[in-house]
Amino acid sequence: MKATALLLSHPARGMNAHAENQHKGYFCTMPENARLQSLLQEDERQFMEALFKTYFPLVCKSIYRLIPDMATAEDLAQEVFIKIWNRRDQLNEVYFKAYLHRAAVNMALDHIDKNKRRGGVHQELSPAVEDLRTTAPTVHVRETKQKIREAVDQLPEKCREIFILSRYEEMSYKEIAQHLQLSVKTVENQMITALKKLRVSLKEFLE
Amino acid sequence: MLSNDHIDTLIAREIEGEISAEEMAQLQSWLEADPANQAYYEALKDTWDLTADAYAGMPEPDVERNWQRFSGNVAAPEPLRVVTRRNSWWRMAAAAVVIVAAAGLVFTLVQRGKETVLVADADKKTFTLPDGSRVYLNRNSQVSYNAGFGDDNRTVKLKGEAFFDVAADAANPFIVAAGASQTKVLGTSFVIKAYEHKPVQLDVVTGKVAFSGKKGEEGALVLTAGNSAILQQDKEPQQVKNGDPNFMAWKENRLYFHNMPLYKTLTAVENYFNVRFVVSDSSLLTLNYTGTFSDPSLAEVLDVISKAAGVTISEEEKDVYRISR
């Protein structure tokens with residue numbers, strides 16, 4: 001398992017690390033991708049383990065931001081990797097990090113859509129929001145973060161999705177528009193709407 | 001005069017970082033026109049900044065536990081198979097040695113002009129070598145030999161998978177080079193499989209062979225009927241157990257499953273028919289299946305397996321089938 005250890009020395013740290021990776025990323029992420037590609041050719045099981053252990057947190061967290069329930073996020077992240085496994089012979093040209101990130105976002109959005117059709121989205125979201133309230137943190141900074149997450153989760157649905165994709169998933173308005181089948185204009189409007197609403201609900205932190 | 005709506009669009013683009021120089025200039029002059037404009041802009045911008053690391057302290061998934069769950073389902077390991085020596089139908093097959101070989105190494109090709117290459121692409125083929133030995137080639141496989149074959153040597157090189165029925169010649173041993181491995185045949189007939197990027201694997205059905213890697217005969221493993229070995233790249237041969245009753249299915253035109261988990265059953269079907277299966281519910285893969293097929297068609301196999309295992313198998317695209325409940 002030397003390969004795995006090597007890969008784990010550059011763990012995915014969630015999307016906050018994404019921006020900095022874009023700058024110095026060429027040197028650190030490209031060899032990782034090349035390494036995964038060559039593992040894919042040599043031994044697909046080892047490849048799968050390396051891919052999973054490197055990117056599961058990233059996939060899981062991207063889903064969690066859209067669906068703030070860790071058990072559901074883990075289930076959906078598992079499904080993302082099952083799909084990857086089923087398509088393992090079609091991954092020759094893939095840049096894994098971006099591919100998995102897109103797959104995670106699509107998986108989460110699909111899940112939200114399916115739930116909406118069943119009318120289940122609110123039941124699913126509210127326990128997690130309550131969780132955040134009941135496990136009252138002692139540290140002030142953590143409390144602030146939780147309140148921000150609550151405020152984001154309480155945005156109207158499309159508005160919330162758009163804001164999360166832009167703010168945390170580092171997606172351009174154009175990409176978001178494509179994913180959600182909206183116009184870029186709508187995405188831009190919803191972004192401003194989101195910021196105005198958040199401005200009100202978070203005013204205690206913005207004085 | 002710029003509309004509020006247009007200003008909002010400019011601010012949104014400025015936040016995204018995809019604003020043109022012209023738009024930036026418009027925004028700048030609007031900001032400078034009135035302190036209230038500046039305040040409006042900053043309120044939105046501050047809100048954007050405030051939300052930056054809201055998820056920095058979010059719960060971490062347990063990667064190891066998730067990997068166990070994942071690998072326990074989908075990537076069910078099946079690298080080396082368990083051999084059951086009694087009641088194995090294939091032991092009744094003709095005296096045979098099976099070598100499963102696959103190599104990340106490129107063959108050292110001798111001058112093309114003096115080399116004969118026998119190839120099977122889409123279909124299995126059978127050839128007779130100059131010494132009278134017979135070669136059964138599986139799909140996408142080839143054997144090659146040099147001009148002196150049959151006179152001063154009996155060495156062939158293999159890529160892919162083949163069954164050899166070797167003519168007796170005690171003075172001149174039959175040797176198969178596959179990847180980093182060399183197999184010296186001390187018995188009479190054998191099969192070799194040599195696909196790239198996988199460990200070389202040898203299964204002896206009857207007879208006796210010497211199986212060696214880089215070190216040559218010094219590190220050779222002598223194997224007799226019913227035994228198996230693998231050769232991983234840059235390592236020495238290692239004796240293993242092999243219980244796959246279908247390792248010669250392509251040659252015998254026969255598939256045999258006895259209480260076999262579906263993922264193994266389907267792997268054998270994939271190899272036999274050159275198709276792929278995808279599954280959405282990985283729990284299906286642990287169902288056991290028992291059955292035998294003689295020279296079957298794909299439709300027949302899929303029909304029988306789906307009924308027996310209680311699953312639906314539908315063609316998703318050419319040569320790709322989806323298993324579902």
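## Report on a predicted two-chain model

Within chain A, 64% of the contacts with a separation of 6 or more are between residues 24 or more positions apart; two residues are in contact if their C-beta atoms, placed from the backbone, lie within 7 Å. The model is predicted: local features need pLDDT of at least 70, side-chain atom pairs count only at pLDDT 80 or more, and totals for chains, interfaces and linings use all residues. Residues are numbered from 1 along each chain as its sequence is written, while chains are lettered from A and ligands numbered from 1 in the order in which they are written.

**Chain A**

Chain A contains 10 helices and zero strands. Helices (H or I, at least four residues) and strands (E, at least two) are DSSP runs, numbered from the N terminus. Of the 207 residues in chain A, 36% are buried. A residue is buried if 20 or more other C-beta atoms lie within 10 Å of its own, exposed if 12 or fewer, and partly exposed in between, with C-beta atoms placed from the backbone.

Helix 4 of chain A covers residues 70–86, and its 17 residues should span 24 Å at 1.5 Å a residue; the end C-alpha atoms are 24 Å apart, which agrees. The expected span is 1.5 Å times one less than the number of residues. Buried residues of this helix include A:Ala73, A:Leu76, A:Val80, A:Phe81 and A:Trp85, and also A:Glu74 and A:Gln78. A:Ile84 belongs to helix 4 of chain A as well, and A:Ile84 counts as buried because it has 22 C-beta neighbours inside 10 Å. From A:Ile84 to A:Tyr99 the C-alpha distance is 9.7 Å, with their positions 15 residues apart in sequence.

**The interface**

In the contact between the chains, 40 residues of chain A meet 36 residues of chain B. On the chain B side, helix 1 (4–16), helix 3, helix 4 (63–73) and strand 16 each give two or more residues. By class, that side has 20 nonpolar, eight polar and eight charged residues. Ala, Val, Leu, Ile, Met, Phe, Trp, Tyr, Cys and Pro count as nonpolar, Asp, Glu, Lys and Arg as charged, and the others, Gly among them, as polar.

Helix 10 of chain A (residues 184–201) packs against helix 3 of chain B (residues 35–50) at an angle of about 85°, with the axes 9 Å apart. Axes are lines fitted to C-alpha atoms, for helices over the stretch in contact, and angles run from 0 to 180 degrees between N-to-C directions. The two helices, helix 10 of chain A and helix 3 of chain B, are therefore roughly perpendicular; angles of 65 to 115 degrees count as such, under 35 as roughly parallel, over 145 as roughly antiparallel and the rest as oblique. Helix 10 of chain A contributes A:Ile192, A:Leu195, A:Leu198 and A:Arg199 to the contact, and helix 3 of chain B contributes B:Ala43, B:Leu44, B:Thr47 and B:Trp48. This contact has six nonpolar residues, one polar and one charged.

Helix 1 of chain B has 13 residues and reaches 18 Å from its first C-alpha to its last, close to the 18 Å expected. Its buried residues are B:Thr9, B:Leu10, B:Ile11, B:Ala12 and B:Ile15. Their cover includes helix 10 of chain A, together with helix 2 (21–33) and helix 3 of chain B. After helix 1 of chain B comes B:Gly17, whose phi is positive, near 90°.

**Strands of chain B**

Two strands pair if DSSP finds at least two bridges between them.

| Strand pair (chain B) | Sense | Bridges |
|---|---|---|
| 16 and 19 (residues 320–324) | parallel | four bridges |
| 8 (residues 181–185) and 11 (residues 208–212) | antiparallel | four bridges |
| 11 and 12 (residues 221–224) | antiparallel | four bridges |

Strands 16, 19 and 18 of chain B form an open sheet in the order 16-19-18, with mixed pairing. Strand 16 (276–279) and strand 18 (312–317) are its edges, each pairing on one side only. The twist averages 35° from one strand to the next. B:Val279 stands opposite B:Ile323 of strand 19. Elsewhere, B:Thr183 stands opposite B:Phe211 of strand 11, and B:Ala210 has B:Val222 of strand 12 as its bridge partner.

**Positive phi outside glycine**

Most residues other than glycine have a negative phi. B:Asn259, in strand 15 (residues 254–261) of chain B, has a positive phi near 50°. B:Asn259 is exposed, with 7 other C-beta atoms within 10 Å. B:Asp319, in the loop between strand 18 and strand 19 of chain B, has a positive phi of about 65°. B:Asp319 is exposed too, with 12 other C-beta atoms within 10 Å.
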